[in-house]
Amino acid sequence: MPWPYRLRCFNCHTHYPTQTTNYRCEKCGDPLEVSFQISRRKIPWKNRALSVWRYRELLPVDNDRFITTLAEGGTGLHHCPRLGREIGLKRLYVKNEGENPTGSFKDRGMTVALSKARELGKRKVVCASTGNTAASLAAYSARAGLTCIVIVPEGKVAAGKMLQVMIHGAKIFLVTGDFDEAMRAVVALTDRRKGFYLMNSLNPFRLEGQKTLAYEVCDQLDGEAPDTLVLPVGNGGNISAIWKGFREFQDLGVTKTSPRMIGIQAERAAPIAKAVKGKQDSIQPVVNPQTIASAIRIGSPVNWSKVLHAIKESHGTAKTVSDKEILAAQRDLASKEGIFVEPASAASIAGLRKSRELGRIDRSDLVVCVTTGHGLKDPSVVDRIRHPESYSLNITQPDWIERLERVL
Ligand code: F0G
């Protein structure tokens, strides 16, 4: 059973029944959020294995029988001393979300949102996606036997993600234009047809699953919160959810502090970073956003108000990186630490390097970079690898072993 929780507007705090399927406030239009009543309670999960559902009491699904799981969460928090030395950090960790069942952090949110959808009696679930949300929703819908509809921008989703969506049997609708177009379609569809349940990060229950990343990081660091958390930002659901998680752990007394949240965007898809730089209270959408990191190719992030709040409250910031910097960071992390992530995820490493160079992060800081999706999802990057270490080998030549040794 979860601890008592309520559903309220993020902005004006108007309360809604917890069984409502609305995701926006009827009064002011802002997104809703789940709010748990956290007075200093006794922690019941100490002896449970690391996973999303370890934190059952802080997940808003009332009845266990609706839980749909593929064993999500419990991802590695990897100390990266080699990359850390190069960037000039003593304590650099990577929280590798590519280790989730469908290869991205979306599974944390999806296990909770899908379980909630079943509890609410929903049979048809729908999302707009740059690929990972769709892959995750398709898998969890298949597991639960629900009808899954995904709306994606045609020709702009990485091949691995499309493969996942197809193999799990989702109904795929392709829109011309970019992700923002697909998102508009999903909002309009779910507004007009109540039978379709929205599973994007506007869904407050999904964000509750995603906040568990913060809990896990603190538990993996033996009750210490990092000084700085760096992650890529697209729609902004993840950074908002993770910030909420850190705040809840601090409110519970598990941790004494919460980290600065640093969001990274691609140069030509950076409405959040622009708003932060200009000290604005709202964002200006980017028309026709561009980046090789297709997962975060988003011009009009639906959770912008939550993101700006998380950055402000945590004394964090948002920065941009170029595609070149993203690809270099992807290769660095893979070749120096053995962690292969997709371009959007590598943006966090690229952004960290840049922030260090600009002196925005202290050498002794405990820094956690979140890598959000697995590298195999986007094989198109292979064409961008400039100097692959590959040589032809003819083992009919008597000196082939010497030749092999010569290039080492
Ligand atoms: N990293 C990856 C690998 C993603 O797939 C996404 C978002 C993000 C970062 C950004 O997260 O939107 O919560 O700020 N992907 C969404 C999708 C949009 O459809 O898969 P965010």
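# Salt bridges, strand S10, helix H7 and cysteines

Lys-211 and Glu-208 are both buried. In this predicted model, the side chains of these two residues meet in a salt bridge, with an N to O distance of 2.5 Å. A search of the whole structure finds 23 salt bridges, whereas the count of disulfides comes to 0. The points below treat selected salt bridges, then helix H7, strand S10 and two of the cysteines.

**Salt bridges**

- Lys-336 pairs with Asp-332 in a salt bridge whose closest N and O atoms are 2.9 Å apart.
- Both Lys-336 and Asp-332 belong to helix H11, which spans residues 323–337. They are 4 residues apart, about one turn of the helix.
- The two partners differ in burial class: Lys-336 is partly exposed, at a relative accessible area of 26%, while Asp-332 counts as buried, at 14%.
- Arg-403 forms a salt bridge with Asp-399, and the closest N and O atoms are 3.3 Å apart.
- Arg-403 counts as partly exposed, at 42% relative accessibility, and Asp-399 is likewise partly exposed, at 27%.
- Elsewhere, one network joins Glu-86, Asp-332, Lys-336 and Arg-353 through salt bridges that share partners.

**Helix H7**

- Helix H7 covers residues 212–220 and is mostly covered, with 8 of its 9 residues buried.
- The buried residues are Thr-212, Leu-213, Ala-214, Tyr-215, Glu-216, Val-217, Cys-218 and Asp-219.
- Among the elements against which the buried residues of H7 pack are three helices, namely H2 (106–119), H6 (204–210) and H8 (237–252).
- The buried residues of H7 also pack against strands S4 (77–79), S5 (91–96) and S13 (366–371).
- Just after H7, Asp-222 adopts a positive phi of about 55°.

**Strand S10 and its neighbours**

- Strand S10 comprises residues 228–232, and 5 of its 5 residues are buried.
- Thr-228, Val-230 and Pro-232 point one way from the strand, whereas Leu-229 and Leu-231 point the other way; all are buried.
- S10 pairs with strand S11 (residues 260–266) in the parallel sense over 5 bridges.
- Within this pairing, Leu-231 has Gly-263 of S11 as its bridge partner.
- From S10 the chain passes through H8 to S11, and this β-α-β crossover is right-handed.
- S10 also runs parallel to S13, to which 3 bridges join it. Leu-229 stands opposite Val-368 of S13.
- Strand S13 thus recurs in two settings: S10 is joined to it by bridges, and the buried residues of H7 pack against it. Helix H8 likewise recurs, as part of the crossover from S10 to S11 and as an element against which the buried residues of H7 pack.

**Cysteines**

- A disulfide is a covalent bond between the sulfur atoms of two cysteines.
- Cys-12 holds the cysteine sulfur closest to that of Cys-25, at 3.7 Å. This separation is too far for a bond, because the cut-off for a pair of cysteine sulfur atoms is within 2.5 Å.
- Cys-25 is buried, with a relative accessible area of 5%.
- Cys-80 is in no disulfide either, and the nearest cysteine sulfur, that of Cys-369, lies 8.6 Å away.
- At 1% relative accessibility, Cys-80 also counts as buried.

Technical notes: Residues numbered from 1 in each chain as written. Predicted model: local features only at pLDDT ≥ 70, side-chain atom pairs only at ≥ 80, totals over all residues. Heavy atoms only, no water. Salt bridge = Lys/Arg side-chain N within 4 Å of Asp/Glu carboxyl O. Buried < 20%, exposed > 50% of the residue type's maximum accessible area, 1.4 Å probe, protein only. Contact = heavy atoms within 4.5 Å. Pairing = 2+ DSSP bridges. Right-handed = clockwise from strand over helix to strand, strands pointing away.
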